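Please walk me through the structure below, with attention to its cross-links, its interior and any charged side chain that sits in an unexpected place.

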Amino acid sequence: QLQLVESGGGLVQPGGSLRLSCAASGFNLDYYAVGWFRQAPGKEREGVSCIARSGGMTLYGNSVNGRFTISRDNAKGTVYLQMNSLKPEDTAVYYCAAASQLFRLCVISPTSTDYEYWGQGTQVTVSS
């Protein structure tokens, strides 16, 4: 079965940090561009960050730029999202997605049709 699995979510205080992981089951994530998206209750899906297949191109949404860092470990076939200086407005379900047809680039448009596989999401809650 082909699927993505996110992990690492949880409850943290404002200013705290979390590290999310995205791993693939049934295929090698090293050959896919990967994006992170999030959706809060009552709000539309928002692009957070993405990383190209090569790892050479990364993008960040304006609301997280400077606080979040995306990376990939090809030896482990895993993509990470390091989230620092977390704010209550970061509270959302975070999803990772994988695209086979994005070669040297990635996209963070929440309406992108490029991503073929989506994970089930992991809850991130930032509250004091």
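**A buried arginine, two disulfides and the core**

Leaving aside residues up to four places away in sequence, Arg 72 touches Leu 29, Asp 30, Tyr 32, Ala 33, Val 34, Ile 51, Ala 52, Arg 53, Gly 55, Thr 78 and Val 79. The model in which these contacts are found is a predicted one. Arg 72 belongs to strand β7, which covers residues 68-73, and although this arginine is buried, it has no salt bridge. The nearest side chain of opposite charge is that of Asp 30, at 4.9 Å, whereas a salt bridge would require a side-chain nitrogen and a carboxyl oxygen within 4 Å. What the side chain of Arg 72 does reach is backbone oxygen: that of Leu 29 at 2.7 Å, and that of Ala 52 at 2.6 Å.

Leu 29 leads from the arginine to the nonpolar interior, since besides touching Arg 72 it has contacts with Leu 4, Cys 22, Ala 23, Ala 24, Val 34, Gly 77, Val 79 and Ala 98, again not counting residues up to four places away in sequence. In the largest nonpolar core, which has 27 residues, Leu 29 is among those with the most contacts inside it, together with Trp 36, Leu 81, Met 83 and Tyr 94. Two or more residues of this core come from each of β3, β4 (33-39), β5, β7, β8 (78-83), β9 and β11 (122-126), and the element that gives the most is β9, with four residues. Apart from this core lies another, of nine residues, which include Ala 33, Phe 37, Ala 99 and Ile 108.

How many disulfides does a search of the whole structure find? There are two, and when the bonded cysteines are counted along the chain, their pattern is 1-3, 2-4. One of them is formed by Cys 22 and Cys 96, with sulfur atoms 2.1 Å apart; this pair links distant parts of the chain, 74 residues apart, with Cys 22 in strand β3 (residues 18-25) and Cys 96 in strand β9 (residues 92-99). The link is right-handed, with 70° about the S-S bond, and both Cys 22 and Cys 96 are buried.

The other disulfide joins Cys 50 to Cys 106, at 2.0 Å from S to S. Because Cys 50 lies in strand β5 (residues 46-51) and Cys 106 in the loop between β9 and β10 (117-118), this pair ties together parts that are 56 residues apart in sequence. The torsion about the S-S bond of Cys 50 and Cys 106 is about 70°, so this disulfide is right-handed, and Cys 50 and Cys 106 are both buried.

Note on methods. Residues are numbered from 1 along each chain as its sequence is written. This is a predicted model: local features need pLDDT of at least 70, side-chain atom pairs count only at pLDDT 80 or more; totals for chains, interfaces and linings use all residues. Side-chain values use heavy atoms; hydrogens and water are left out. A disulfide is a pair of cysteine sulfur atoms within 2.5 Å. Buried means under 20% relative accessible area, exposed over 50%, partly exposed in between (1.4 Å probe, protein chains only). Lys and Arg count as positive and Asp and Glu as negative; His and the chain ends are not counted. A polar contact is a pair of N or O atoms within 3.5 Å; within protein, one must be able to donate a hydrogen and the other to accept it, and residues adjacent in sequence count only if both atoms are side-chain atoms. Contact means heavy atoms within 4.5 Å. A nonpolar core is a set of buried Ala, Val, Leu, Ile, Met, Phe, Trp, Tyr and Cys residues joined through side-chain atoms within 4.5 Å.
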